[in-house]
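Here are some questions a newcomer might ask, with the reasoning behind each answer.

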Amino acid sequence: MTFKKTADTFEAGAHTLSREYYTDIDILEKEYQQIFLKNWICVGRSTDISENGHFVTLNIANENVIILKDDLGKLQAFYNICRHRGTRICEETEGKFSKSIQCNYHGWTYDLQGHLIGAPHMDVVKNFKKDNFPLHPVAIDEWNGFIFLNLSEQPKPIDQTLDPLTKRFSHLQINHLLVKEQITYDVNCNWKLVFQNYCECYHCPLLHPELSKIYHYMGGQNDLYSGPFLGGYNQLNEDFESVSHSGKFSCPPLDGIKDDDLNRVYFYSVFPNMLISLHPEYVMYHTVWPVGIDKCRIFCSWLFTEDVINSKKHNTKDAIDFWDLTNKQDWHISELSQLGVKSRKYFPSPYSGQESLLAAFDEYYLGELNASA
Ligand code: FES
Ligand SMILES: [Fe+2]
């Protein structure tokens with residue numbers, strides 16, 4: 001595949017991925033190993049884990065991870081397996097530990113930093129030292145109020161990884177924003193179809209008549225067009241202030257939004273599981289989770305300032321409901337894509353000039369999938 005790394009033009013030659021990338025279980029397993037267990041993965045907002053001892057568990061690829069706030073208020077993450085005989089420790093998807101984490105099989109007990117603090121009858125085992133059996137840690141860090149995990153053995157620091165994006169958000173206080181609403185969607189398509197759909201607006205005129213009134217599908221500019229982060233902005237049409245049913249601001253613009261940014265929405269995909277959309281007055285983000293070769297789960301959240309959330313004055317539903325409608329339009333067409341792509345008559349076809357980011361996504365994805373280290 002060859003294409004010029006420019007914003008909106010690329011040479012002929014970039015084609016859609018072949019069928020097996022959407023249908024072959026072995027490729028999904030390879031994606032788990034090569035992509036989802038190696039990269040920083042966005043798992044939510046730090047405010048999702050509010051108090052000390054609060055925990056959530058979630059699956060990443062074939063692994064299950066406990067994320068918690070320890071007794072010092074620090075975020076920690078561990079593989080959800082006991083160091084005795086490997087039993088999964090927490091069955092719940094969320095809850096609160098008092099002061100420790102106990103495996104219900106034989107009672108091995110860990111503190112909230114993962115140290116083994118109790119192991120019944122192991123004191124008679126020669127050379128057994130509790131210090132040698134902590135819970136296996138998972139790298140955890142925060143970026144702009146988002147929690148990221150990395151299950152590789154030696155992850156690069158997150159700041160270094162997300163640096164190109166950080167510059168685009170540094171003038172805003174996104175870390176202070178709170179989740180006003182989260183909607184979960186179960187979608188019958190491969191996770192990559194969701195990314196590919198997000199990376200173009202070629203489909204907007206037909207699929208999103210409401211959105212197309214707000215901005216023109218050609219009225220934008222990409223500013224990250226290769227590598228793990230892809231995207232740019234769409235320019236809002238005159239008479240429209242934001243993306244909402246009314247076309248008006250659902251609340252005042254965020255501090256730091258000024259000049260051109262008052263009339264723009266920025267869309268970035270963050271490989272491999274996050275989509276972040278910056279509007280003048282709110283942030284929407286999605287996390288995308290493969291749950292099978294032809295199924296994914298998507299969490300979509302809308303972030304507003306605390307003042308807006310606490311005030312009764314603002315119509316945040318105007319924006320949330322608009323994107324819920326638009327999301328569903330996107331998921332439906334992605335499900336139809338999945339159905340078509342699995343046909344024996346599907347073959348890779350050329351991308352249009354409006355789909356340069358998809359070619360860039362595919363190139364980066366294939367590089368990661370086939371990376372040797
Ligand atoms: S497997 Fe956990 S205490 Fe035995
Ligand atoms: Fe769309």
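Q: What makes β6, β7 and β8 a sheet, and in which order do the strands stand?
A: This is a predicted model. In it, 3 strands form an open sheet in the order β6-β7-β8, and the pairing is antiparallel. Strands pair if there are at least two bridges between them. β6 and β7 (residues 109–111) have 3 bridges, in the antiparallel sense. That value meets the cut-off of at least two, so β6 and β7 count as paired. One bridge joins glutamine 102 to threonine 109 in β7.

Q: Which strands are the edge strands of this sheet?
A: They are β6 (100–102) and β8 (116–118), and each pairs on one side only. Neighbouring strands of this sheet are turned by 35° against each other on average, direction ignored.

Q: Which strands form the open sheet that includes β1, and in what order?
A: The order is β1-β10-β9, with antiparallel pairing, and the sheet has 3 strands. β1 (41–45) and β9 (139–143) each have a single partner strand, so one side of each is left without a neighbour in the sheet. That puts both at the edges. The twist averages 30° from one strand to the next.

Q: How do you know that β1 and β10 pair?
A: Count the bridges. β1 and β10 (residues 146–150) share 4 bridges in the antiparallel sense. At least two are needed, so β1 and β10 qualify as a pair. In one of these bridges, arginine 45 has phenylalanine 146 of β10 as its partner.

Q: What makes β12 and β13 a pair?
A: The two strands, β12 (residues 215–225) and β13 (residues 229–236), pair over 6 bridges in the antiparallel sense. The cut-off is at least two bridges, so the pairing holds. Glycine 220 has asparagine 234 of β13 as a bridge partner. The hairpin of β12 and β13 has 3 residues between the strands, and glycine 227 takes a positive phi near 90° there.

Q: Why is α5 called oblique to α9?
A: Look at the angle. The axes of α5 (residues 191–198) and α9 (residues 317–341) come within 10 Å and cross at roughly 125°. That makes α5 oblique to α9. Roughly perpendicular ends at 115 degrees and roughly antiparallel needs over 145, so the angle of roughly 125° belongs to neither class. The crossing of α5 past α9 is right-handed.

Q: Which residues make the contact between α5 and α9?
A: From α5 come Leu193, Val194 and Asn197. From α9 come Asp330, Ile333, Ser334, Ser337 and Gln338. By class, this contact has 3 nonpolar, 4 polar and 1 charged residues.

Q: Where do the domains of the protein chain begin and end?
A: The chain is divided into domain 1 (41–158) and domain 2 (171–369). Their centres, taken over C-alpha atoms, are separated by 32 Å. The contact takes 6 residues from domain 1 and 9 residues from domain 2. The side of domain 1 that touches domain 2 has 2 nonpolar, 3 polar and 1 charged residues.

Q: What kind of peptide bond joins phenylalanine 271 and proline 272?
A: The bond is cis, with omega about 5°. Most peptide bonds are trans. Proline 272 is found in the loop between β14 (264–270) and β15 (274–278).

Q: Is phi of histidine 121 positive or negative?
A: Phi of histidine 121 is positive, near 65°, in a residue other than glycine. Most residues other than glycine have a negative phi. Histidine 121 is found in the loop between β8 and β9.

Key: Residues are numbered from 1 along each chain as its sequence is written. Chains are lettered from A and ligands numbered from 1 in the order in which they are written. This is a predicted model: local features need pLDDT of at least 70, side-chain atom pairs count only at pLDDT 80 or more; totals for chains, interfaces and linings use all residues. Axes are lines fitted to C-alpha atoms, for helices over the stretch in contact, and angles run from 0 to 180 degrees between N-to-C directions. Angles under 35 degrees count as roughly parallel, over 145 as roughly antiparallel, 65 to 115 as roughly perpendicular and the rest as oblique. A crossing is left-handed if the near helix is turned anticlockwise from the far one by less than a right angle, and right-handed if clockwise. Two residues are in contact if their C-beta atoms, placed from the backbone, lie within 7 Å. Ala, Val, Leu, Ile, Met, Phe, Trp, Tyr, Cys and Pro count as nonpolar, Asp, Glu, Lys and Arg as charged, and the others, Gly among them, as polar. Domain bounds come from an automatic or database domain assignment.
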